[in-house]
Amino acid sequence: MKKYIVDLSVRAVEHLSAKHVLIRLTSEQRLPEMQAGQFVEVRVDGAENTFLRRPISINFVDRDANELWLMVAMVGEGTRRLGSLRPGDTLNGVLPLGNGWTLPAADVEGRKRRVLLVGGGVGVAPLLYLGATLRDRGGEPTFLLGGRSAKDLLELEYFKRYGRVCVTTEDGTAGERGFVTNHSVLEEPFDHIATCGPTPMMKAVARYARQKGIDCEASLENMMACGLGACLCCVEKTTEGNLCVCKEGPVFNIKRLLWK
């Protein structure tokens, strides 16, 4: 897929929590095609100690509004600078990068494909566009989203537009108490699972998928610097040898990962 270096205009910034913002971007030109699961390398201007671009998952693409949504967790100088952007500011990005999710066939023997999308923390970001894409193609997405407490659950109102939303919190302040792998929805049958979030969570989801014989993909969050497979910062050991997550991923079928 062709890559572009584009100046994007900030249309709106929504504070989702004390440390998360949703940046809605647009362009004078039509935004290029982007797949659910791909990401953008954004340049951080005005941060003295930030020299490298930052990889940000594609949260959503609104074709009608010609908008690209990026969810940013403000954890360092670079991402805090991104969180301080205002409408009218310009953000330079290289996009789209990486490989997206596999989209299961819309129907199997006349029924909709039931897909479980499991996310935790800022890892929920790429699941919104995936859920919207699945629904548009005739799938039936169910979102299973987890956080430490209710305040850590992000974009619930947006997820509810595209499928059923199930929630867990470690302290029980929203949804079922516990981890995503403890939720009662896992007693239901699913045809496919997609997951993104903390590595321990994704490994637990992968174990569940293997036990149930369900095809599963995980979007890895290895440290990525260049986004093009040149710097080798994001190498992951796989059944095919060491692969750069930014180039060969970030989405991998769990069968390719050497997770125990």
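Helices (DSSP runs of H or I, at least four residues) and strands (runs of E, at least two) are numbered from the N terminus. The model shown is predicted, so that local features are given only at pLDDT of at least 70 and side-chain atom pairs only at pLDDT 80 or more, whereas totals for chains, interfaces and linings use all residues. Residues are numbered from 1 along each chain as its sequence is written, and side-chain values use heavy atoms, with hydrogens and water left out.

**View A. The cis bond that reaches Pro-96 in strand β6, and a second cis bond at Pro-250.** Leu-95 and Pro-96 are joined by a cis peptide bond with an omega of about -15°, and Pro-96 itself belongs to strand β6, residues 90-97. The other cis bond lies between Gly-249 and Pro-250, where omega is about 5°, and there the proline sits in the loop that connects α5 (245-248) with β17 (251-253). Most peptide bonds are trans.

**View B. The closed barrel of six strands.** The strand order is β1-β2-β5-β4-β3-β6, with antiparallel pairing (two strands pair if DSSP finds at least two bridges between them). Neighbouring strands of this sheet are turned against each other by 45° on average, direction ignored; axes are lines fitted to C-alpha atoms, for helices over the stretch in contact, and angles run from 0 to 180 degrees between N-to-C directions. Within the barrel, the antiparallel strands β4 and β5 are held together by four bridges, and Val-61 has Leu-68 of β5 as its bridge partner. The loop between β4 and β5 contains Asn-66, whose phi is near 55°, a positive value in a residue other than glycine. With 11% relative accessibility, Asn-66 counts as buried (under 20% relative accessible area, against over 50% for exposed and in between for partly exposed, with a 1.4 Å probe and protein chains only).

**View C. Helix α2 and the elements that surround it.** Helix α2 lies across β4 and β5, and its direction is at about 30° to that of β4. Of its 12 residues 10 are buried, so α2 is largely enclosed by the rest of the structure; the buried set runs through Ala-125, Pro-126, Leu-127, Leu-128, Tyr-129, Leu-130, Gly-131, Ala-132, Thr-133 and Leu-134. These buried residues pack (heavy atoms within 4.5 Å) against β4, β5, β9, β10, α3 (156-159) and β13 (192-196). Just after the helix, Gly-138 adopts a positive phi of about 90°.

**View D. Strand β9, covered on both faces.** Because seven of the seven residues of β9 are buried, the strand is largely enclosed by the rest of the structure. Arg-114, Leu-116, Val-118 and Gly-120 are buried on one side, while Val-115, Leu-117 and Gly-119 are buried on the other. β9 runs parallel to β10, to which seven bridges join it, and Val-118 stands opposite Leu-144 of β10.

**View E. The largest pocket, with about 730 Å³ of space.** Its lining counts 32 residues, with Pro-55, Ile-56, Val-122, Glu-221 and Asn-222 closest to the centre. A pocket is an open set of points on a 1 Å grid over the protein atoms alone, with protein on both sides within 12 Å along at least five of seven lines, and a cavity is a set where a 1.4 Å probe fits but cannot get out; lining residues have an atom within 4 Å of a point. Points are joined across faces, edges and corners, and a volume is the space filled by probe spheres set on them. At least two lining residues come from each of β4 (54-62), β5 (67-73), α1 (77-83) and α2 (125-136), with the largest share, four residues, supplied by β4. The lining divides into 18 nonpolar, 10 polar and four charged residues, where Ala, Val, Leu, Ile, Met, Phe, Trp, Tyr, Cys and Pro count as nonpolar, Asp, Glu, Lys and Arg as charged, and the others, Gly among them, as polar.

**View F. The second largest pocket, of about 590 Å³.** Of the 26 residues that line this pocket, Gly-120, Gly-121, Arg-148, Glu-170 and Pro-198 lie nearest its centre. β9 (114-120), β10 (140-147) and α4 (199-212) each give two or more residues to this lining, and α4 provides the largest share, three residues. By class the lining of the second largest pocket comprises 10 nonpolar, 11 polar and five charged residues.

**View G. The second largest cavity, with about 40 Å³ of space, and the loop residue Glu-155.** The structure holds three cavities of 30 Å³ or more. The second largest is lined by Gly-121, Val-124, Leu-145, Gly-146, Asp-152, Leu-153, Leu-154 and Leu-156, that is, by five nonpolar, two polar and one charged residues. Glu-155, in the loop between β10 and α3, has a positive phi of about 60° although it is not a glycine, and Glu-155 is buried at a relative accessible area of 3%.
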